[in-house]
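I opened my notebook to record, step by step, what I looked up about the strands in this entry. The model comes first, and my notes come after it.

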Amino acid sequence: MAEDADLQFWYNMRTGAVEKGLLSPSVDRVGPFSTFEEATHALDKLRANSAKWAEDDAAEDR
């Protein structure tokens with residue numbers, strides 16, 4: 001990781017909170033994100049990535 005994990009932001013999937021640094025167990029968090037704002041939109045990014053991967057998989061199956 002280019003930056004120190006304690007200086008980055010993480011989205012806690014269990015609580016829905018944005019955290020700075022490695023505060024919660026790894027199974028509960030996604031990230032890292034460079035900014036608090038990015039981390040607040042973590043679920044949107046995960047949904048977009050999942051949709052893109054599903055499209056890519058469907059295209060490969062054609």
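These entries follow the sheet from its strands to the helix beside it.

Entry 1. I noted before anything else that this is a predicted model. I then looked up how the strands are arranged, and I found three of them forming an open sheet in the order β2-β1-β3, with antiparallel pairing. The edge strands are β2 and β3, since each pairs on one side only, and from one strand to the next the twist averages 30°.

Entry 2. I turned to strand β1, residues 9-12, and checked where its side chains go: F9 and Y11 point one way, while W10 and N12 point the other way, and all of them are buried.

Entry 3. I followed β1 to strand β2, residues 18-20, with which it shares three bridges in the antiparallel sense, and here Y11 stands opposite V18. The two strands form a hairpin with five residues between them, and in the turn G16 has a positive phi of about 80°. I reminded myself that most residues other than glycine have a negative phi.

Entry 4. On the way to strand β3, residues 29-33, I again found three bridges from β1, running antiparallel. In β3 the bridge partner of Y11 is V30, and N12 stands opposite R29.

Entry 5. Which helix packs on the sheet? I found that helix α2, residues 42-60, does so by touching β1 and β3, and that its direction makes about 95° with that of β3.

Entry 6. Last, I looked at P32, which lies in strand β3, and saw that a cis peptide bond with an omega of about 15° joins G31 to P32. Most peptide bonds are trans.

Notes. Residues numbered from 1 in each chain as written. Predicted model: local features only at pLDDT ≥ 70, side-chain atom pairs only at ≥ 80, totals over all residues. Heavy atoms only, no water. Buried < 20%, exposed > 50% of the residue type's maximum accessible area, 1.4 Å probe, protein only. Helix = DSSP H or I, 4+ residues; strand = E, 2+ residues; numbered from the N terminus. Pairing = 2+ DSSP bridges. Axes fitted to C-alpha atoms, helices over the stretch in contact; angles between N-to-C directions. Contact = heavy atoms within 4.5 Å.
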